[in-house]
Amino acid sequence: MKKLFLTMLIALVSMSTMAQDHKWGAGLNLLYGTKINNIGFGVKGQYYATEAVRVEANAALFMKNDSFKKDDEKVGMKMWDANVVGHYLIPVASDKAFVYPLVGVGLTNWVQSAFKTSTRFTINAGAGFQFNVAEDFAINVEAKYQIVKDYGQGVFGIGAVYMF
């Protein structure tokens with residue numbers, strides 16, 4: 001799992017050799033997952049391929065839920081995920097506000113104990129809204145659905161990103 005995340009991160013970083021004059025971004029997310037029924041914290045890295053097209057690599061850790069139901073039984077469960085998603089930024093009302101659809105793929109890992117884990121591939125689809133507070137700082141809200149075997153969930157988040 002760590003190798004896949006490292007590979008995604010290296011692919012994102014290696015894009016800098018293609019276009020040095022495009023913007024990058026790095027930020028943090030506060031999330032809520034509907035299946036895990038708890039909050040999560042995430043990091044993200046963004047690459048602006050064009051003014052409208054952005055690729056984002058992100059990872060999140062969701063806190064443990066001691067009353068998670070699995071097979072009609074309450075168990076303690078926590079999870080993490082790593083994703084690569086694409087955004088298409090559509091300006092609304094000004095050059096500071098954008099809506100965007102998002103689509104991507106990722107990996108989730110649901111941990112009941114050190115010996116009971118479930119790792120699954122995921123497909124992400126959703127939408128977001130970004131507001132550029134300053135030339136190099138933006139805030140966003142996002143809603144997406146993660147299609148995952150046995151663990152599909154909605155994920156809602158707020159975030160902030162520094163662009164350079």
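Let's call a residue buried under 20% relative accessible area, exposed over 50%, and partly exposed in between. By that yardstick R120 is partly exposed, because its relative accessible area is 21%. Keep in mind that this is a predicted model.

**Confidence**

The protein chain has a mean pLDDT of 89, with 87% of its residues at 70 or more. Residues 12–21 are the stretch to treat with care: pLDDT is below 50 there, although the model gives this stretch 12 contacts beyond near neighbours in sequence.

**Salt bridges**

A search of the whole structure turns up two salt bridges. Here they are side by side.

| Pair | N to O distance | Relative accessible area |
|---|---|---|
| K64 and D66 | 3.8 Å | K64 49%, D66 58% |
| R120 and D150 | 3.1 Å | R120 21%, D150 52% |

In the pair of K64 and D66, K64 counts as partly exposed, whereas D66 is exposed. In the other pair, R120 bridges to D150 with the closest N and O atoms 3.1 Å apart. R120 sits in strand β7 (residues 116–134) and D150 in the loop between β8 and β9 (153–163), so this bridge ties together parts that are 30 residues apart in sequence. D150 itself counts as exposed, because its relative accessible area is 52%.

**The nonpolar cores**

In soluble globular proteins, nonpolar side chains tend to be buried together. Here the largest nonpolar core has 12 residues, including L31, I36, F62, M77, W110 and V155. Strands β3 and β4 (73–88) each put at least two residues into this core. Apart from it there's another core, of nine residues, with Y48, L89, F98 and Y100 among them.

Two members of the largest core, V75 and V148, deserve a look of their own. V75 belongs to strand β4 and is buried, with 10% relative accessible area. Its contacts beyond four places in sequence are N65, D66, S67, F68, K70 and Q112. Q112 is 37 residues away along the chain, yet the C-alpha atoms of V75 and Q112 are separated by 7.1 Å. V148, leaving aside neighbours within four places, is in contact with T108, R120, F121 and T122. R120, then, is both a contact of V148 and a salt-bridge partner of D150.

**Two buried polar residues**

What does R54 do without a salt bridge? This arginine lies in strand β3 (residues 53–70) and is buried, and the nearest side chain of opposite charge, E56, is 4.9 Å away. A salt bridge needs the nitrogen and the carboxyl oxygen within 4 Å, so E56, at 4.9 Å, doesn't make one with R54. R54 does have a polar contact, though: its side chain joins that of Y48 at 2.9 Å. Beyond four places in sequence, R54 also touches residues including Q46, V85, H87, L89, Y100 and Q130. Three of the names already given for the nine-residue core, Y48, L89 and Y100, are among the residues R54 touches.

N140, in strand β8 (residues 137–147), is buried as well, at 9% relative accessibility. Its side chain makes polar contacts with the side chain of K44 at 2.9 Å and with that of Y100 at 3.4 Å. Among the other residues in contact with N140, outside four places in sequence, are N29, F129, Q130, G157 and I158. Y100 and Q130 turn up in the contacts of R54 and of N140.

Notes
Residues numbered from 1 in each chain as written. Predicted model: local features only at pLDDT ≥ 70, side-chain atom pairs only at ≥ 80, totals over all residues. Heavy atoms only, no water. Helix = DSSP H or I, 4+ residues; strand = E, 2+ residues; numbered from the N terminus. Buried < 20%, exposed > 50% of the residue type's maximum accessible area, 1.4 Å probe, protein only. Lys, Arg positive; Asp, Glu negative; His and termini not counted. Polar contact = N/O pair within 3.5 Å; in protein donor to acceptor, adjacent residues only side chain to side chain. Contact = heavy atoms within 4.5 Å. Core = buried A, V, L, I, M, F, W, Y, C linked by side-chain atoms within 4.5 Å. pLDDT = per-residue confidence, 0-100.
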